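Thanks for asking me to look through this one with you. Here are my notes, set out as numbered points so that you can follow along in the viewer.

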Amino acid sequence: MAANDRNAVLTRVGKGTPMGKYMRFFWHAITPDVNLRDEPMRVRLLGEDLVLYRETGGKLGLVPERCPHRGASLACGMVEKDGLVCAYHGWKFDLTGQCVDTPAEPADSKLKERIKIASYPVQELGGLIWAYLGELPAPLLPRYEYLVGEEFDRDVGISVMPCNWLQIAENNMDPYHVEHLHFRYTNYIHAKLGKPLIKARKHAKVDYEVFEHGIIKRRLWVGDSEDSDEWKIGHPQIWPGHAVITYPGGWIQSQIRVPVDDTNTLIYWYNARPRKAGAAPAKRIRVWENPLRDTRGQYLTDNLNGQDLMVMYTQGDISDRSTENLGQSDRGVALYRRCLHEQLERIERGEDPMGVVRDPALNEPFIKLPLERHVDYDLSGVQASPDHGWDDLEKDAAE
Ligand code: FES
Ligand SMILES: [Fe+2]
């Protein structure tokens, strides 16, 4: 297959495309639950325009946005205790998508009986609402440790990225960028800003291992022993393309990437922070914005997330992989692409791709991923994310 064709296969996520089929085997986070208020909410996922709503009784519904009558947006509709009502002529849909009322029609009209729209499974877990757009029966929503562990309080930063999902997911299969983008480049920026320089480290070696939930990435820093958690255990990129990493201090971050369509992606910087001894559990997940640019249109280059967003976005709306020149240090990226092609072959054979969970015994009480518990690099001199979220959270944690 030509490089351009291979690139199209891995990047396009619309219905009926190979990667679109693959992505529809997975549950995707569509919003933090605290962001869904009383009103219907417009959601775009895998190129489909949808409306998420919570009936006044609490149940969640997810349906296509376009009303099947004459096309008004159901996101402008009314939520009732037993369904979603179109604002235009009052057609009402229940959670299954069945039309149950067409009030402008004569009382004896049977029209509503033959009107049924799609409705998609939706679940809440870990403070996020997750949707499944694939064929039924839906697999289980994976209960990863950081989503369900009772010892954590949670916050999530959200980046709205105007580029394809794959160049975002590839970032974590590329350990060497940490040395350059996060250490060397940070010091370049810090020198300009007059901020203290941070301690840079170098990789002695890296390694990868494919396992059922994803690809484990291991790194050995120069000067560390092979007994270090980062080499012995490492951390995974889980299918279809979410990083799970440990930060100094022991908190777990999952970078959840959700393809909105071919050229837009949501990143959830989902943090599960071990609660301080004796502290009361937080009542809800905290949500903050992690923008690509500041209010002057500049990239946010003095924090780790901002640096990542800059290099992900500047590869183009869909990175042209036919013009790349890969080296040894891109071994992880090449492995990830190869694995994705293998998953597409599995689907063609009628099999589930790796990472699809259907056995409740594997999912309960939770899925514990291989994950280093102790990482040994000093990030005290560089921020993980922009000020407006991070400082608040640190203050909260201290209170
Ligand atoms: S367009 Fe929705 S009820 Fe008419
Ligand atoms: Fe990074």
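How many aromatic pairs does a search of the whole structure find? Please keep in mind that this is a predicted model.

1. **Aromatic pairs.** The search turns up eight aromatic pairs. One to look up is Tyr-144 with Tyr-146, which is stacked, with 5.8 Å from centre to centre and 15° between the planes. Both partners are covered: Tyr-144 is buried, and Tyr-146 is buried as well. Tyr-270 belongs to this picture too, as ring pairs link Tyr-144, Tyr-146 and Tyr-270 into a cluster.

2. **Overall make-up.** Stepping back to the whole chain, you will find ten helices and 18 strands. The radius of gyration is 23 Å, which agrees with the value near 21 Å for a compact globule of 399 residues. Along the principal axes, the C-alpha atoms fill a box of roughly 80 × 55 × 50 Å.

3. **Burial, contacts and surface.** Of the 399 residues in the chain, 53% are buried. If you take the contacts between residues at least 6 apart in sequence, 62% of them join residues at least 24 apart. The exposed area of the chain is about 18500 Å², and 50% of that is supplied by carbon and sulfur atoms. As for charge, there are 50 positive and 59 negative side chains, and the centres of the two sets lie 1 Å apart.

4. **Two cis peptide bonds.** Most peptide bonds are trans, so cis ones deserve a look. Leu-136 and Pro-137 are joined by a cis bond with omega of about 0°, and Pro-137 sits in the loop between β10 (128-131) and α3 (145-148). Another cis bond runs from Glu-364 to Pro-365, with omega near -10°. Here the proline is in the loop between α9 (360-363) and α10 (387-398).

5. **Leu-46, a positive phi.** Most residues other than glycine have a negative phi. Leu-46, in contrast, has a positive value, near 50°. You can find Leu-46 in the loop between β2 (41-45) and β3 (48-54). Is Leu-46 buried or exposed? Leu-46 counts as buried because its relative accessibility is 1%, under the 20% cut-off. Beyond residues up to four places away in sequence, Leu-46 touches a list of partners including Val-13, Gly-14, Lys-15, Met-23, Leu-133 and Pro-259. For a sense of scale, the C-alpha atoms of Leu-46 and His-213 are 21 Å apart in space, with their positions 167 residues apart in sequence.

6. **Gly-61 in strand β4.** Strand β4 covers residues 60-64 and holds Gly-61. This glycine is buried, with a relative accessible area of 2%. Leaving aside neighbours within four places in sequence, Gly-61 is in contact with Val-51, Leu-52, Tyr-53, Leu-95 and Val-122. Trp-251 is 190 residues away from Gly-61 in sequence, and their C-alpha atoms are 33 Å apart in space.

7. **Helix α7.** This is a good helix to view with its surroundings switched on. Helix α7 (residues 304-313) is largely enclosed by the rest of the structure, because eight of its ten residues are buried. Those buried residues are Leu-304, Asn-305, Gly-306, Gln-307, Asp-308, Leu-309, Met-310 and Met-312. What do the buried residues of α7 pack against? Their partners are β11 (152-161), α4 (165-169), α5 (176-193), β17 (264-274) and β18 (286-289).

8. **Helix α1.** In α1 (residues 3-11), the buried residues include Asn-7, Val-9, Leu-10 and Thr-11. The buried residues of this helix pack against α2 (18-23), α4 and α8 (331-348). Helix α4 is thus a name to recall from the previous point, as the buried residues of α7 pack against α4 too.

9. **Ile-189 in helix α5.** The last residue on my list, Ile-189, has its place in helix α5. Ile-189 counts as buried, at 10% relative accessibility. Which residues is Ile-189 in contact with, leaving aside its neighbours within four places in sequence? The contacts are with Thr-301 and Asp-302. Ile-189 and Asp-302 are 113 residues apart in sequence, while their C-alpha atoms are 6.6 Å apart in space.

Note on methods. Residues numbered from 1 in each chain as written. Chains lettered and ligands numbered in written order. Predicted model: local features only at pLDDT ≥ 70, side-chain atom pairs only at ≥ 80, totals over all residues. Heavy atoms only, no water. Helix = DSSP H or I, 4+ residues; strand = E, 2+ residues; numbered from the N terminus. Rg over C-alpha atoms; globule rule 2.2 N^0.38 Å. Buried < 20%, exposed > 50% of the residue type's maximum accessible area, 1.4 Å probe, protein only. Contact = heavy atoms within 4.5 Å. Areas by Shrake-Rupley, 256 points an atom, 1.4 Å probe, with all protein chains shown as cover. Lys, Arg positive; Asp, Glu negative; His and termini not counted. Charge placed at Lys NZ, Arg CZ, Asp CG, Glu CD. Phe/Tyr/Trp six-rings, centres within 6.5 Å; stacked < 30°, edge-to-face > 60°.
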